[in-house]
Amino acid sequence: MNTARNVNGREHRSGGQATIHFTVNGRNRAVTVPPMKRLLDVLREDLHLTGTKEGCGEGECGSCSVRMNGELVNSCLVPVLQAEGAKILTVEGLAVGKHLHPLQEAFLNQGGAQCGICTPGMLMAAEQLLAQNPHPTMAEIREALAGNLCRCTGFMRIFESVVAAAAAESATQAKAPHLEKTHHAR
Ligand code: FES
Ligand code: FES
């Protein structure tokens, strides 16, 4: 098998496979896969991170949303080659140890999840929103989640879950303003 270097100087093997290096939820990972394999499939099949879901597979539903280098992306549309050197956050990375992310708590408490297929994508989109705008209005929440579809049509409870999570985070910050927002630091 021939060996060459990819654009980042790392090993790239011919024969239909490439070794891609990236960070997932703070952990360095390397996978040797077809370079056009979807990031969604690499996460689920090669890294066994099955929290990220496939809905449409066409970039329409947002179920496969992950954060890549700080941007929300549909992982069904990202060839893993494009993730070389990237920092990726998946739904598995939201909780810190045994402590659920405030959004996860809120979705649980507010009934924001029904069948759960859309939930990881909703959580990632909401996490992105709260990281940039800790006090969103309902209109801003609707806009931020507009790319995420829920077949169970539980949108109001989803929106209310985001409102509750934002309020919970504000309350935490008010009680302990010196604490860093660890959930939003990634
Ligand atoms: S599965 Fe990726 S956007 Fe629907
Ligand atoms: S909870 Fe079922 S698709 Fe949203």
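Here are four exercises, with worked solutions, on a predicted model.

**Exercise 1: The sheet**

Task: Work out the strand order of the open sheet, and find which strands lie at its edges.

Solution:
- Step 1. Follow the pairing from strand to strand. The open sheet has five strands in the order β4-β3-β7-β5-β6. The pairing is mixed.
- Step 2. Look for strands that pair on one side only. These edge strands are β4 and β6, and β6 covers residues 71-74.
- Step 3. Compare the directions of neighbours. On average, neighbouring strands of this sheet are turned by 40° against each other, direction ignored.
- Step 4. See what packs on the sheet. Helix α3 (residues 119-132) does so, and it touches β5 (65-68) and β6. The direction of α3 makes about 40° with that of β5.

**Exercise 2: Two strand pairs**

Task: For β3 with β7 and for β5 with β6, decide whether the pairing is parallel or antiparallel, and name a bridge in each.

Solution:
- Step 1. Start with β3 (residues 18-24) and β7 (residues 87-89). They pair in the parallel sense, over two bridges.
- Step 2. Name a bridge there. T23 has K87 of β7 as its partner.
- Step 3. Turn to β5 and β6. Their sense is antiparallel, and four bridges link them.
- Step 4. Name a bridge here too. S65 is partnered by N74 in β6.
- Step 5. Inspect the turn. The hairpin of β5 and β6 has two residues between the strands. In this hairpin, N69 takes a positive phi near 50°.

**Exercise 3: Helix α1 and L43**

Task: Find which residues of α1 are buried, and explain why L43 counts as buried.

Solution:
- Step 1. Locate the helix. α1 spans residues 39-46, and its buried residues include L39, L40, V42 and L43.
- Step 2. Find their packing partner. The buried residues of α1 pack against β4 (27-33).
- Step 3. Focus on L43, which is found in α1. The cut-off for buried is 20 or more other C-beta atoms within 10 Å. L43 has 26 C-beta neighbours inside 10 Å, so it counts as buried.
- Step 4. List its contacts, leaving aside neighbours within four places in sequence. L43 is in contact with L49, T52, S75 and T90.
- Step 5. Check one of these in space. L43 and T90 are 47 residues apart along the chain. Their C-alpha atoms are separated by 8.8 Å.
- Step 6. Look just past the helix. H48 follows α1 and has a positive phi, near 60°.

**Exercise 4: Helix α2 and its neighbours**

Task: Describe how α2 crosses α5 and α3, and sort the contact residues by class.

Solution:
- Step 1. Take α2 (residues 102-110) with α5 (residues 155-175). Their axes come within 8 Å and cross at roughly 130°. That angle makes α2 oblique to α5. The crossing is right-handed.
- Step 2. Find the residues that meet. From α2 come P102, L103, E105, A106, F107, N109 and Q110. From α5 come R157, E160, S161, V162, A164, A165, A168 and E169.
- Step 3. Sort them. The contact of α2 with α5 has eight nonpolar, three polar and four charged residues.
- Step 4. Now take α2 with α3. The axes come within 10 Å and cross at roughly 130°. The two helices are therefore oblique to each other. α2 passes α3 in a right-handed crossing.
- Step 5. Find the residues again. L103, Q104 and F107 of α2 meet T119, L123, A126 and E127 of α3.
- Step 6. Sort these too. The contact of α2 with α3 has four nonpolar residues, two polar and one charged.

Conventions. Residues are numbered from 1 along each chain as its sequence is written. Chains are lettered from A and ligands numbered from 1 in the order in which they are written. This is a predicted model: local features need pLDDT of at least 70, side-chain atom pairs count only at pLDDT 80 or more; totals for chains, interfaces and linings use all residues. Axes are lines fitted to C-alpha atoms, for helices over the stretch in contact, and angles run from 0 to 180 degrees between N-to-C directions. Angles under 35 degrees count as roughly parallel, over 145 as roughly antiparallel, 65 to 115 as roughly perpendicular and the rest as oblique. A crossing is left-handed if the near helix is turned anticlockwise from the far one by less than a right angle, and right-handed if clockwise. Two residues are in contact if their C-beta atoms, placed from the backbone, lie within 7 Å. Ala, Val, Leu, Ile, Met, Phe, Trp, Tyr, Cys and Pro count as nonpolar, Asp, Glu, Lys and Arg as charged, and the others, Gly among them, as polar. A residue is buried if 20 or more other C-beta atoms lie within 10 Å of its own, exposed if 12 or fewer, and partly exposed in between; C-beta atoms are placed from the backbone. Two strands pair if DSSP finds at least two bridges between them.
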